[in-house]
Amino acid sequence: MEFYKKYGRQVFAAFAANLGAVTIGTAWSWTATALPSIKQDSEWGGALLSPSQESLISSILFVGCLVSIPVNSFCIERYGRRATMLLANVPCLLGWAMIGFAPNVGAIYAGRLLIGVATACYAAAAPLYVSETADAKIR
């Protein structure tokens, strides 16, 4: 119980900050199950996806990561690690909503790009936040 009293808030903060890793894993692996499902969906017309469109759906996430690096660095230094991670939830939620309600492949591209921006932000800010807020004994 003493550990909880002394470090409980820090452990919870570290856990919450690292939930971004779940988003990263989900975003990176989404295409493995989603593309076959899209191909089988006759209402959406997924059978019309070309191999290059499938490839772009998979890879545009990393373009979002690459493009957001300078912005992420600025936000981390200017607004702080916690605020930056909270702000990253906006493109993340918008991206998943765009994918979920996508009327065409362009909406999936845009959603994946936004999710890429958010995942790069989580990947940069979360380790810094945890290392700066956690006591040395529990890092």
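Visitor: What makes a stretch of this predicted model count as a helix?

Guide: A helix here is a DSSP run of H or I with at least four residues, numbered from the N terminus, and E54 lies in one such run, helix α3. That helix covers residues 51-79 and has 29 residues.

Visitor: Why is E54 called buried?

Guide: Buried means under 20% relative accessible area, and because E54 comes to 16%, E54 counts as buried. Leaving aside residues up to four places away in sequence, E54 touches L35, K39 and L49, where a contact requires heavy atoms within 4.5 Å.

Visitor: Which other residues of α3 are buried, and what do they pack against?

Guide: Among them are I57, I60, L61, G64 and C65, with S68, N72, C75 and I76 further along; the buried residues of α3 pack against α2 (20-40), α4 (81-100) and α5 (105-133).

Visitor: How do you know what span to expect of α3, and where is the kink?

Guide: The expected span is 1.5 Å times one less than the number of residues, which for α3 gives 42 Å, and the helix reaches 41 Å from its first C-alpha to its last, close to that value. A kink of about 50° nevertheless lies at I69, shortly before the proline P70, and just after the helix G80 takes a positive phi of about 100°.

Visitor: What makes up the largest nonpolar core?

Guide: The core has 16 residues, and those with the most contacts inside it are W30, I38, L49, I57 and I108. The elements that give two or more residues to this core are α2, α3 and α5. Apart from it lies another core, of ten residues, including A14, A17, M85 and A134.

Note on methods: Residues are numbered from 1 along each chain as its sequence is written. This is a predicted model: local features need pLDDT of at least 70, side-chain atom pairs count only at pLDDT 80 or more; totals for chains, interfaces and linings use all residues. Side-chain values use heavy atoms; hydrogens and water are left out. The bend at a residue is the angle between axes fitted to the seven residues ending there and the seven starting there. Buried means under 20% relative accessible area, exposed over 50%, partly exposed in between (1.4 Å probe, protein chains only). A nonpolar core is a set of buried Ala, Val, Leu, Ile, Met, Phe, Trp, Tyr and Cys residues joined through side-chain atoms within 4.5 Å.
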